[in-house]
Amino acid sequence: MKESDIQEEICDYLDDKKKTYLFRYFSVPNEGKRKVWYLHKLVRMGLKAGVPDLVLEFPDGKMVYLEIKTDKGRLSESQKIWQNISNILNTPHYVIKGSVDANLSVLEGIFDLFPDARIKQ
């Protein structure tokens with residue numbers, strides 16, 4: 001399973017969670033090949049190496065980062081730096097390796113951090 005397939009599966013999971021939790025998420029398209037001039041422009045516009053694949057935002061401005069990897073995938077040096085700074089800033093940062101099913105307890109645990117985000121029925 002490719003990282004992009006895993007990310008799509010996680011997005012499907014998150015879309016389903018929006019039925020019961022108040023939050024939003026977005027991806028940071030930070031991969032791919034670009035022409036050198038365009039890459040320089042993106043860097044000047046704020047593109048940063050190591051940015052996690054998905055950002056989740058919960059009430060009161062609370063955020064969570066998700067870095068998606070295959071079962072055998074590893075963090076790059078820039079991703080490790082981002083994770084370390086996230087830890088210093090107390091921003092939850094999770095590395096999801098493999099399918100939603102393999103990470104269900106981690107994903108559910110993220111939502112357990114924000115009980116006030118649960119939509120009251």
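A residue counts as buried here when its relative accessible area is under 20%, and as exposed when that area is over 50%. Gln79 has a relative accessible area of 12%, so this residue is buried. The model is predicted, and the cut-offs just given apply to each burial call below.

Start with the overall layout. The protein has four helices and four strands. Along the sequence they follow the pattern α-β-α-β-β-α-β-α. The radius of gyration is 15 Å, and the globule rule gives 14 Å for 121 residues, so the protein is as compact as a globular protein of that length. Taken along the principal axes, the C-alpha atoms fill a box of roughly 50 × 35 × 25 Å.

Next come contacts and surface. Take the contacts in the protein with a separation of 6 or more: residues 24 or more positions apart account for 66% of them. Of the 121 residues, 34% are buried. The exposed area is about 8100 Å². Carbon and sulfur atoms supply 54% of that area.

Now turn to the aromatic rings. How many aromatic pairs does a search of the whole structure find? The search finds nine. One of the pairs is Tyr21 with Phe111. Their ring centres are 4.9 Å apart and their planes meet at 50 degrees, so this pair is tilted. The angle falls between the cut-offs: planes under 30 degrees apart would count as stacked, and planes over 60 as edge-to-face. Tyr21 sits in the loop between α1 (3-17) and β1 (24-27), while Phe111 sits in helix α4 (residues 104-112), so the pair ties together parts that are 90 residues apart in sequence. Tyr21 and Phe111 are both buried.

Phe111 has another ring partner, Phe58. Here the centres are 5.6 Å apart and the planes stand at 75 degrees, an edge-to-face pair. Phe58 belongs to strand β2 (residues 54-58) and Phe111 to helix α4, so this pair ties together parts that are 53 residues apart in sequence. Phe58 is buried, as is Phe111. Ring pairs also build a wider group: Tyr13, Tyr21, Phe23, Tyr25, Phe58, Phe111 and Phe114 are linked into a cluster.

Phe111 also has a lysine over its ring. Lys17 lies over the face of Phe111, at 5.2 Å from the ring centre. Lys17 is part of helix α1. Is Lys17 buried or exposed? Its relative accessibility is 10%, so Lys17 counts as buried. Beyond residues up to four places away in sequence, Lys17 touches Phe23, Glu108 and Phe111. Phe23 and Phe111 are both members of the ring cluster.

Stay with helix α4 for a moment. Val106 is placed in this helix. Its relative accessibility is 30%, so Val106 counts as partly exposed. What does Val106 contact, leaving aside its neighbours within four places in sequence? The contacts are Tyr94 and Ile96. Val106 and Lys48 are 58 residues apart in sequence, and their C-alpha atoms are 26 Å apart in space.

Return to Gln79, the residue that opened this tour. Gln79 is found in helix α3 (residues 77-88). The side chains of Gln79 and Glu67 are joined by a polar contact of 3.0 Å. Leaving aside neighbours within four places in sequence, Gln79 is in contact with Gly50, Glu67, Lys69 and Arg74. Glu67 thus appears both in the contact list and as the partner in the polar contact.

Finish in the loops, with the backbone. Which phi does Asp60 have? Asp60 has a positive phi of about 65 degrees, although this residue is not a glycine. Asp60 lies in the loop between β2 and β3 (62-69). Its relative accessibility is 73%, so Asp60 counts as exposed. Asn90 is not a glycine either, and has a positive phi of about 60 degrees. Asn90 is found in the loop between α3 and β4 (93-97). Its relative accessibility is 68%, so Asn90 counts as exposed.

Terms used. Residues are numbered from 1 along each chain as its sequence is written. This is a predicted model: local features need pLDDT of at least 70, side-chain atom pairs count only at pLDDT 80 or more; totals for chains, interfaces and linings use all residues. Side-chain values use heavy atoms; hydrogens and water are left out. Rings of Phe, Tyr and Trp (its six-membered ring) pair if their centres lie within 6.5 Å; planes under 30 degrees apart count as stacked, over 60 as edge-to-face and the rest as tilted. Helices (H or I, at least four residues) and strands (E, at least two) are DSSP runs, numbered from the N terminus. Buried means under 20% relative accessible area, exposed over 50%, partly exposed in between (1.4 Å probe, protein chains only). A charge sits over a ring if NZ of Lys or CZ of Arg is within 6 Å of the ring centre and within 35 degrees of the ring normal. The radius of gyration is taken over C-alpha atoms; the globule rule is 2.2 Å times the number of residues to the power 0.38. Contact means heavy atoms within 4.5 Å. Accessible areas come from the Shrake-Rupley method with a 1.4 Å probe; for residues, only the protein chains shown count as cover. A polar contact is a pair of N or O atoms within 3.5 Å; within protein, one must be able to donate a hydrogen and the other to accept it, and residues adjacent in sequence count only if both atoms are side-chain atoms.
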